[in-house]
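Welcome! Have a look at the structure shown here, and then let us walk through some of its features together.

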Amino acid sequence: MKLLFSSNSRHGIASLRNWILALVLIWMAHFFVADEIDPYFFSIIMYAGINIILAVSLNVVNGFSGQFSMGHAGFMSVGGYISAFATTQLETIYPEWFAHSFLMSLFFIFILVLAGLGAGFVGILVGLPSLRLKGDYLAIVTLGFGEIIRVFILNIDTIGGARGLPNIPALSSFGLLYSWVVITIFCIWRLVNSAQGRDFLAVREDEIAAEAMGVNTTQAKVRAFVVGAFFAGVAGALFAHYLRYLNPQTFDFNRSFEIIIMVVLGGMGSLTGSVLAAVFLTAIREALRSLQELTRIDFRMIIYSLMLILLMLTRPNGLLGTRELIDFIPNGSRKKKKSLESHP
Amino acid sequence: MTTLHNETDSLEALEVKNLTIQFGGLKAVSDLNLQVSKGMIFGLIGPNGAGKTTAFNMLTGVYRPNSGKIQAFGKNLVGCRPFQITQFGVARTFQNIRLFKNLTVLGNMMIAMDHHPEQKHFWVLPSLLRTRPMVENEIQQEKNCLELLKIFKLDTRKSEIAKNLPYGDQRRLEIARAMATGAKLLLLDEPAAGMNANETKLLMHSIRLIRDEYQMTILLIEHDMKLVMGICEKIAVLDYGVKIAEGTSSEIQNNPRVIEAYLGKVPTDE
Ligand SMILES: Nc1ncnc2c1ncn2[C@@H]1O[C@H](COP(=O)(O)OP(=O)(O)O)[C@@H](O)[C@H]1O
Ligand SMILES: [Mg+2]
């Protein structure tokens, strides 16, 4: 990634122009286009959006901070269940609220934040003990925590246990979901381009040197973990209210792997790479699904694996490495001389 | 987060008392005593494996000493984490260079300066909104970094990736980066290693310059005797973890125990 310094960029409202433009376009699409789209294709678009949020947020931990976490699905499930429990309860207690779809949408935004905060809190719980570990050990511990969260949910009957949680109100609209996609990318982009983000990079590059330069590495790692968990929680909540059914099995380690694959494929430390990879893998998974129905063989994991092997052989740093798409545009807005990491 | 340095008017930048560390059966440093006055360039020399780097590691919180006291600018350092020690005004370079390899020269500097005690801190919201004070602060910070880079003639290479720099530049960048933390005491671990005679000479000038112009205190480990004898006002010699001599360059050069330690004569005592 070429990290931008402020000296060649705007501040305040002026710097938000493109982001606001993106939101406006999304809501225009929401009101004028979304209903026309073929439902199957539409569902792929929606899952792609959820996966973008997941991949981009995991990139903060795995890519920018260099901490290999394998428990992202766990945080996703926390957010999913918190929000789904809240809305299903509300629906039984105050069914009249649900008559006002606008009121409910507003309320859902609040619940999404709550789901994120819940997941972020679990992020602290998981992060504090496990971030003393490095590399493989951390990976295994986070994998374990992800499974613990899942088994924990499996055994709580009020949220459905192994039966799952059905009849979740459909509150994830195209506009709302993609607004969160933009919000996620916006927040994380700005975060990794700030002093906080520099701490993440320092930890990734060399922990001993980072400490010697005054970086509180433990705190930086927990921060990265919490940010990642927060947005995973939001993604989980959006997922729950789109699929309208939750099952602990959905959030097993396969799910975590899928997100990791997106991050690795796109390039650890490249946000736009994560976006591309999330869209690409969501699409290919659906394409493979029809192939699987035809042949009755589960090709998905085979092709996934082959793709990863091929990629690691040809582009060991992922599609974009640590670069962003914008870096490939000649005379792009991110001038080389203003970056923290630049490339020849 | 304003300066904490001026709390005591002690003239000592660093006071080390009876510092000892043991790895298994090996006493890597034993009963080390050092006093480094403010504004001094102090040399720590000794044969390979004498325990010099280990001493630095204890001073900077990487290792915890088994016993002994360390005070820098009147503050106790034993038991503090490395990042805290840096914020107390003590920063270091590494014998085997530890730059943030994949980041640019400026990136390396910015990270260090983010933790300067006088640096303004912005929390998540100003960073997200890019408020005017936050952006102006970044611009100023970048300028300050470039000013430090200029001392080492690295300002023109600010957007180069650290690992692509020539070896000598990497060493110089490490010193600049340590200065960017706002430290007043620099611990330099073999700053001239791998440099040619000309580069070493320039480095000597730079070290003197940062002491004179930036009121730095410098404790350096070095094998290049021309450098050590040329710029160090006081020199301590370590051998097998024990300080065997201390004094000015001429005192050290004529000390029989030092000559022994370096030339490897059969030890006659202990
Ligand atoms: N972490 C460690 N564990 C065990 N032994 C160590 C460790 N660090 C240093 N030593 C030993 O301490 C001694 C001093 O090493 P060092 O301080 O690196 O010497 P130098 O004076 O060359 O910098 C050496 O014998 C080294 O092997
Ligand atoms: Mg050494």
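## A helical turn in chain A

A good place to begin is helix α11 of chain A, which covers residues 271–295. A:Arg289 and A:Glu286 are 3 residues apart in this helix, so about one helical turn separates them. Please keep in mind that this is a predicted model.

The two residues form a salt bridge, and their closest N and O atoms are 3.4 Å apart. Side chains of opposite charge can pair when their charged atoms come close. Are the two partners buried or exposed to some degree? A:Glu286 is buried, because its relative accessible area is 7%, and the cut-off for buried is under 20%. A:Arg289 is partly exposed, with a relative accessible area of 36%.

## Salt bridges in chain B

How many salt bridges are there over all chains? A search of the whole structure finds 21.

In chain B, B:Arg211 is a residue worth finding. Its side chain meets that of B:Asp212 in a salt bridge, at 2.8 Å from N to O. B:Arg211 also forms a salt bridge with B:Glu233, where the closest N and O atoms are 2.7 Å apart. B:Arg211 sits in helix α7 (residues 197–214) of chain B, while B:Glu233 belongs to the loop between α8 (225–231) and β9 (234–239), so this pair ties together parts that are 22 residues apart in sequence.

B:Arg211 itself is buried, with a relative accessible area of 15%. Its partner B:Asp212 is partly exposed at 48% relative accessibility, and B:Glu233 is partly exposed as well, with a relative accessible area of 35%. Chain B also has a network of salt bridges, which links B:Arg157, B:Glu160, B:Asp169, B:Arg172 and B:Glu199.

## Around ligand 1

Which residues are found around ligand 1? They are B:Phe23, B:Leu26, B:Ala28, B:Asn48, B:Gly49, B:Ala50, B:Gly51, B:Lys52, B:Thr53, B:Thr54 and B:Tyr63. This shell divides into 5 nonpolar, 5 polar and 1 charged residues.

Some of these residues come with distances to look up. A backbone N or O atom of B:Gly51 is 2.9 Å from an oxygen atom of ligand 1. For B:Thr53, a polar side-chain atom lies 2.7 Å from an oxygen atom of the ligand. A nitrogen atom of ligand 1 is 3.0 Å from an N or O atom in the side chain of B:Tyr63. On its own, ligand 1 has 560 Å² of accessible area, and the protein covers 64% of that. The elements of chain B that give two or more residues to the shell are β2 (26–37) and α1 (52–59). Of the elements, α1(B) gives the most, with 3 residues.

## On the surface of chain A

Back in chain A, a nonpolar patch lies on the surface, with about 900 Å² of accessible area together. The patch is formed by A:Ile20, A:Leu21, A:Val24, A:Leu25, A:Trp27, A:Met28, A:Phe31, A:Phe32 and A:Val33. A:Val33 is in the loop between α1 (17–32) and α2 (39–64) of chain A, and is partly exposed, with a relative accessible area of 42%.

Another loop of chain A, between α5 (135–154) and α6 (174–192), holds A:Ser173. This serine counts as partly exposed, at 24% relative accessibility. A:Ser173 and A:Thr158 are 15 residues apart along the chain, and their C-alpha atoms are separated by 27 Å.

Note on methods. Residues are numbered from 1 along each chain as its sequence is written. Chains are lettered from A and ligands numbered from 1 in the order in which they are written. This is a predicted model: local features need pLDDT of at least 70, side-chain atom pairs count only at pLDDT 80 or more; totals for chains, interfaces and linings use all residues. Side-chain values use heavy atoms; hydrogens and water are left out. A residue is near a molecule or strand if one of its heavy atoms lies within 4 Å of it. A polar contact is a pair of N or O atoms within 3.5 Å; within protein, one must be able to donate a hydrogen and the other to accept it, and residues adjacent in sequence count only if both atoms are side-chain atoms. Accessible areas come from the Shrake-Rupley method with a 1.4 Å probe; for residues, only the protein chains shown count as cover. Helices (H or I, at least four residues) and strands (E, at least two) are DSSP runs, numbered from the N terminus. Ala, Val, Leu, Ile, Met, Phe, Trp, Tyr, Cys and Pro count as nonpolar, Asp, Glu, Lys and Arg as charged, and the others, Gly among them, as polar. Patches are made of residues with over 30% relative accessible area and no salt bridge: like charges are joined within 9 Å, nonpolar side chains (Val, Leu, Ile, Met, Phe, Trp, Tyr) within 5 Å. A salt bridge is a side-chain nitrogen of Lys or Arg within 4 Å of a carboxyl oxygen of Asp or Glu. Buried means under 20% relative accessible area, exposed over 50%, partly exposed in between (1.4 Å probe, protein chains only).
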